[in-house]
Amino acid sequence: QKTEASGMSGEARKEAEKILNRMKQEGQEGHEYGIHYEYLDFMTSLSWKQEPAAKIDLNEAEKILDEDHYGLKKVKERIIEQLAVMQLNRKQSGSILLFVGAPGTGKTSIGQSIARALGREYIRISLGGVRDEAEIRGHRRTYVGAMPGRIMEGMKRAGTQNPVMVLDEVDKLVRDYNGDPSSALLEVLDPEQNSTFTDHYMNVPYDLSNVFFVCTANSTDTIPEPLLNRMEVIRFSGYTEEEKFQIARKHLLPKTMKAMGLKGQELKVTDEALHAIITGYTAESGVRGLKRQMDVLCRHAAVKLVKGEQK
């Protein structure tokens with residue numbers, strides 16, 4: 001029943017029915033029963049049905065991007081262009097975006113904003129330190145403990161065919177004797193090929209062409225040339241002092257105060273103090289260091305409040 005309801009492609013359906021028949025023949029005592037059960041459970045949990053293209057409201061998308069991130073004008077313009085092309089084509093199109101920049105400049109979180117702007121599921125897959133090709137393409141089912149790769153596992157978590165998938169730290173894939181995981185990504189990130197992506201565990205093609213892929217990296221030096229060619233590099237420059245000030249005032253300080261349980265009137269930080277923190281204590285181009293300094297301020301205030309030294 002689940003197989004019928006899932007709307008699988010013909011090839012996947014054949015494979016699922018073959019495994020189902022094998023399960024029936026073996027019975028529950030068969031030593032491969034559990035493996036077959038896991039496989040069918042995975043196949044029926046995936047979303048196979050094509051989602052209708054939702055209308056994209058560019059003004060709303062711009063508003064969401066501005067709400068979540070201050071500055072980054074060029075980056076936002078490029079994202080809006082991509083969304084406009086998608087709206088005209090009524091399907092996922094355009095190149096795959098690779099955000100390159102220093103840590104803490106908002107590369108990953110802008111992926112979250114894109115998902116919010118599109119009204120889609122958001123899935124993040126960290127590729128830092130992945131050294132085995134099977135992590136991306138899955139293991140063949142002949143091995144004990146075989147599992148699907150991270151891409152298909154992410155698709156199962158998303159429960160839909162068109163999530164926004166952020167592949168984090170693409171520049172930190174490790175190449176060694178287990179194979180080259182970056183070459184396994186070639187098929188995933190090629191719009192010409194990814195409509196028939198075949199995970200070794202599933203052994204049948206799955207259509208990834210509706211997924212909005214966003215990749216992030218700190219630098220492009222270690223990304224192999226063929227992989228880099230499939231993506232469009234968008235550079236995140238560091239923030240200026242004025243931008244950092246606005247980010248601290250509008251985003252970081254209110255968030256940190258909320259996280260530490262401070263109410264609005266319990267802690268006031270002057271503009272001079274914020275400028276002093278930015279010039280004296282945060283030299284990096286991202287805003288992670290700045291967030292840490294906000295944490296320091298709020299913790300300090302929390303101690304004084306709890307001790308009753310100040311209101």
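The legends below describe close-up views of a predicted model.

**View 1. The open sheet and its strand order.** In this predicted model, five strands are arranged as an open sheet whose order is S2-S3-S6-S1-S7, and the pairing is parallel. Strand S2 (122-126) and strand S7 (231-236) are the edge strands, each of them pairing on one side only. On average, and with direction ignored, neighbouring strands of this sheet are turned by 20° against each other.

**View 2. Pairing of strands S3 and S6, with helix H6 on the sheet.** Strand S3, which covers residues 164-168, pairs with strand S6, residues 212-217, in the parallel sense over four bridges. Within this pairing, Val164 has Phe212 of S6 as its bridge partner. Helix H6 (residues 107-118) packs on the sheet, where it touches strand S1 (96-101) as well as S2, S3, S6 and S7. The direction of helix H6 makes about 175° with that of S3.

**View 3. Packing of helix H4 against helix H6.** Helix H4 (residues 58-68) packs with H6 at an angle of about 150°, and the axes of the two helices lie 9 Å apart. Because angles over 145 degrees count as roughly antiparallel, H4 and H6 are described as roughly antiparallel to each other. The crossing of these two helices, H4 and H6, is right-handed. On the H4 side the contact is made by Ala61, Ile64, Leu65, Glu67 and Asp68, while H6 contributes Ile110, Ser113, Arg116 and Ala117. Sorted by class, the residues in the contact of H4 with H6 comprise five nonpolar, one polar and three charged.

**View 4. Packing of helix H11 against helix H13.** Helix H11, spanning residues 241-260, and helix H13, spanning residues 288-307, pack at an angle of about 45° with their axes 9 Å apart. This angle makes H11 oblique to H13, and the crossing of H11 and H13 is right-handed. From H11, the residues that make the contact are Lys244, Ala248, Leu252, Leu253, Thr256, Met257 and Met260. From H13, the contact is made by Leu290, Lys291, Met294, Asp295, Cys298 and Arg299. Divided by class, the residues of the contact of H11 with H13 are eight nonpolar, one polar and four charged.

Key: Residues are numbered from 1 along each chain as its sequence is written. This is a predicted model: local features need pLDDT of at least 70, side-chain atom pairs count only at pLDDT 80 or more; totals for chains, interfaces and linings use all residues. Side-chain values use heavy atoms; hydrogens and water are left out. Two strands pair if DSSP finds at least two bridges between them. Axes are lines fitted to C-alpha atoms, for helices over the stretch in contact, and angles run from 0 to 180 degrees between N-to-C directions. Contact means heavy atoms within 4.5 Å. Angles under 35 degrees count as roughly parallel, over 145 as roughly antiparallel, 65 to 115 as roughly perpendicular and the rest as oblique. A crossing is left-handed if the near helix is turned anticlockwise from the far one by less than a right angle, and right-handed if clockwise. Ala, Val, Leu, Ile, Met, Phe, Trp, Tyr, Cys and Pro count as nonpolar, Asp, Glu, Lys and Arg as charged, and the others, Gly among them, as polar.
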